[in-house]
Amino acid sequence: MPHSLTAGIVLAFAGSRANIARTILSCAGIVVGVGALIMVVSAGDFGQKFATAYGEANAGLPATLHVTVEGRLTDRSALEEDLVRAGGRDLSIYQNPSKTPMLRSGDQVFSDVGFLGVDPSLGDIRRMHLAEGRWFTEADLESRAPVLVVNRTLADELGDLTQIQVGSDRWLDVRVVGVLESTALDFTWYSAYMLRAPASEELLFGTSVDTEDEEDPYVLTRTSQNSYQVRIDPTDPAAHDPFGEIFAERLATTSWRWGIESVDDIWVYRTDYGDEVDAVITYLSLGLAGIAVITLGTGLLGVLNVGLVTVRERRRELATYRALGASRFTLFVAVVMEAVVVSLVAGLIALFGCWAVVTAAGVVTERLVSLPPGVSLGIPVSAVLIGLGSAALVGLLAGVIPAIRALRASVVAGLRE
Amino acid sequence: MPVDVETPWSGASRPDSAPLLRVEGVTRHFTVSGRRIDVLRDCTFQVERGEIVAVVGQSGSGKSTLLNVLGLLDRPSGGSYVFDGVDTTRLGEGRRSRLRGEGIGFVFQQFHLLERRTALANVGVPLVLGGVPLLRRRARARELLEAMGLGHRLHSRPHQLSGGEQQRVALARALSRDPALILADEPTGALDAASSTMIMEQLLEQARSRDAAVVVVTHDPQVAGRADRVVELVEGRTR
């Protein structure tokens, strides 16, 4: 058996090499089909990575909830304790300033900057890609000046980041500690994250802690909408509740501690949309894969057709093999393997073609669009394996019928031809 | 340098006392459009090791059918055929293929070389089927082709060779696994007189040097005249 198998494979390779025209003819359909399959898998992989990066940077790591409490809070620290008690692993305030401030760099004033008040822990909830500097740390809470992290577009416009001021009624010096890569993920063209700290309290919440409540710096009087980003365990049932009722109910049981009476004032929804994107990509990939499979099926028929014709034409050659001692199994393997070799050659051609297209597309994309870090156009290993695997499978399927025909043919009749 | 090729007798002496093949009462009939045609009616003969036997007879007498039976390409309808001590009528297809590959070499009238393969590759085919590794296979094929005077044609393809050269390649192929029996079906039928003489001389010389028996089917009295013995087939019966 091993002898017969090896002999069949050796004869198949020799036959494919000797019949180049037949090999090329058989390849065409498979090249298109396998190429389509490789492109579908590659596009799916790219889409998946892009969506994940987009989602993790813009909406949070899996199972990130956006919690909004409407109304005046009496004890913000109690709310934050309860957010943890309700299942929050990491939480960060997520607050637009009550009055949008402006930035000033020398004589230049920027009035269209999007600000967002956050805590250092937002770096654990989202994927932050820093081009320069760093994300906020706990030490920044002690800063006497408001601390910012800005996006690259804004940083480029600001120029010297050590001479920046922020304000609405009056100007305050700020510290810019980091610059985030500008991507399609930025929430506005000019984006600035502002650390929630005593120094930025007035900017974010519109009142000075000194004037309102010296006992508890987190008591806020003027802010009626309080937003948080909370990351919970992805296996928590609250993570799979589309309307956020489970988490809201958990908070509502103790909401009296922070001055909210009704569960209707608590809004919770999941911000990350990895699941939805996965579903869309899966359906899209299935549709495209279906088209690729149909194309591959057409290619299979091509190889099958050429295989059947050549088996009929090669009756004398196959009979000669038998006369020289080839067993039926050897002949079967030889004919099937020829189809497999042809299909694999086609698969390799398709792979090379796809690689060329994807590389060219990658070069063009890099010049036109700034992709998130870690996301690039390329052919993943899974696409190579699926492409070549399906090529081999198609060859196998297309080779079986001609091989059976070859075995049925009479050796004596073949030698007479 | 001669290259050793494994044969059924490697490592053991051949059973010299028994005939190489014995055919007893072999019949072969075909059914065409519901009509039975008896091609071989009663064939009985034997061939000793190293013996040269010519099978002669008129067209349609069953010579080629007999050769197909002897070459294990066809099964007799009746009778027995013992090759090298093995009753082949009871063997399965796999064993018959193996016995054919190891013990029998074929030389066909139309050469039956693989068109797109070199002379070297053609001679190597039986060795591929015998599981001989690549380097030994090439060395063996080269040695045989050089012995046939084709050392300068190793990489030529069949269409680049003359009829005589093609038949010499086919002869080298038949000898590649050092078979005990060489079956030649009209080996000179497609050749001119000079090439025919050369091929027959090489066939007989190579067979004798290897102690291989030869059964040659021929119409040519000159070819038959060089055999040790002649078996005549008349209407499917041996005489």
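User: Which residues of helix 3 of chain B are buried?

Analyst: They are B:Ala119, B:Leu120, B:Asn122, B:Val123, B:Gly124, B:Val125, B:Pro126, B:Leu127, B:Val128 and B:Leu129. Buried means under 20% relative accessible area, exposed over 50%, and partly exposed in between (1.4 Å probe, protein chains only). Helices (H or I, at least four residues) and strands (E, at least two) are DSSP runs numbered from the N terminus. This is a predicted model, in which local features need pLDDT of at least 70 and side-chain atom pairs count only at pLDDT 80 or more, while totals for chains, interfaces and linings use all residues. Residues are numbered from 1 along each chain as its sequence is written, chains are lettered from A and ligands numbered from 1 in the order in which they are written, and side-chain values use heavy atoms, with hydrogens and water left out.

User: What makes helix 3 of chain B mostly covered?

Analyst: Ten of its eleven residues are buried. The helix is followed by B:Gly131, whose phi is positive, near 75 degrees.

User: Why is the pair A:Arg322 and B:Glu93 called a salt bridge?

Analyst: A salt bridge needs a side-chain nitrogen of Lys or Arg within 4 Å of a carboxyl oxygen of Asp or Glu. The side chains of A:Arg322 and B:Glu93 meet at 3.1 Å, N to O, so the pair satisfies the definition. The count between chain B and chain A is one salt bridge.

User: Which elements give two or more residues to the side of chain B that touches chain A?

Analyst: They are helix 2 (93-103) and helix 3 (119-129) of chain B. By class, that side has eight nonpolar, seven polar and eight charged residues. Here Ala, Val, Leu, Ile, Met, Phe, Trp, Tyr, Cys and Pro count as nonpolar, Asp, Glu, Lys and Arg as charged, and the others, Gly among them, as polar.

User: How many residues does the contact take from chain B and from chain A?

Analyst: It takes 23 residues from chain B and 23 residues from chain A, where contact means heavy atoms within 4.5 Å. The area buried between the chains is about 2,100 Å², of which carbon and sulfur atoms give 64%. Buried area is the accessible area (1.4 Å probe) that two parts lose on being put together, summed over both.

User: Why is A:Asp82 called buried, and what is A:Arg85 called?

Analyst: A:Asp82 has 3% relative accessibility, so it counts as buried. A:Arg85 has a relative accessible area of 56% and is therefore exposed. Their side chains meet in a salt bridge at 2.4 Å, N to O. Both lie in helix 3 (residues 76-85) of chain A, three residues apart, about one turn of the helix. A:Glu81, A:Asp82, A:Arg85 and A:Arg257 are linked in a network of salt bridges.

User: What parts of chain B does the pair B:Arg210 and B:Asp178 tie together?

Analyst: The side chains of B:Arg210 and B:Asp178 meet in a salt bridge at 3.6 Å, N to O. B:Arg210 lies in helix 6 (residues 193-210) of chain B and B:Asp178 in the loop between helix 5 (163-175) and strand 7 (181-185) of chain B, so the pair ties together parts that are 32 residues apart in sequence. With 18% relative accessibility, B:Arg210 counts as buried, whereas B:Asp178, with a relative accessible area of 24%, is partly exposed.
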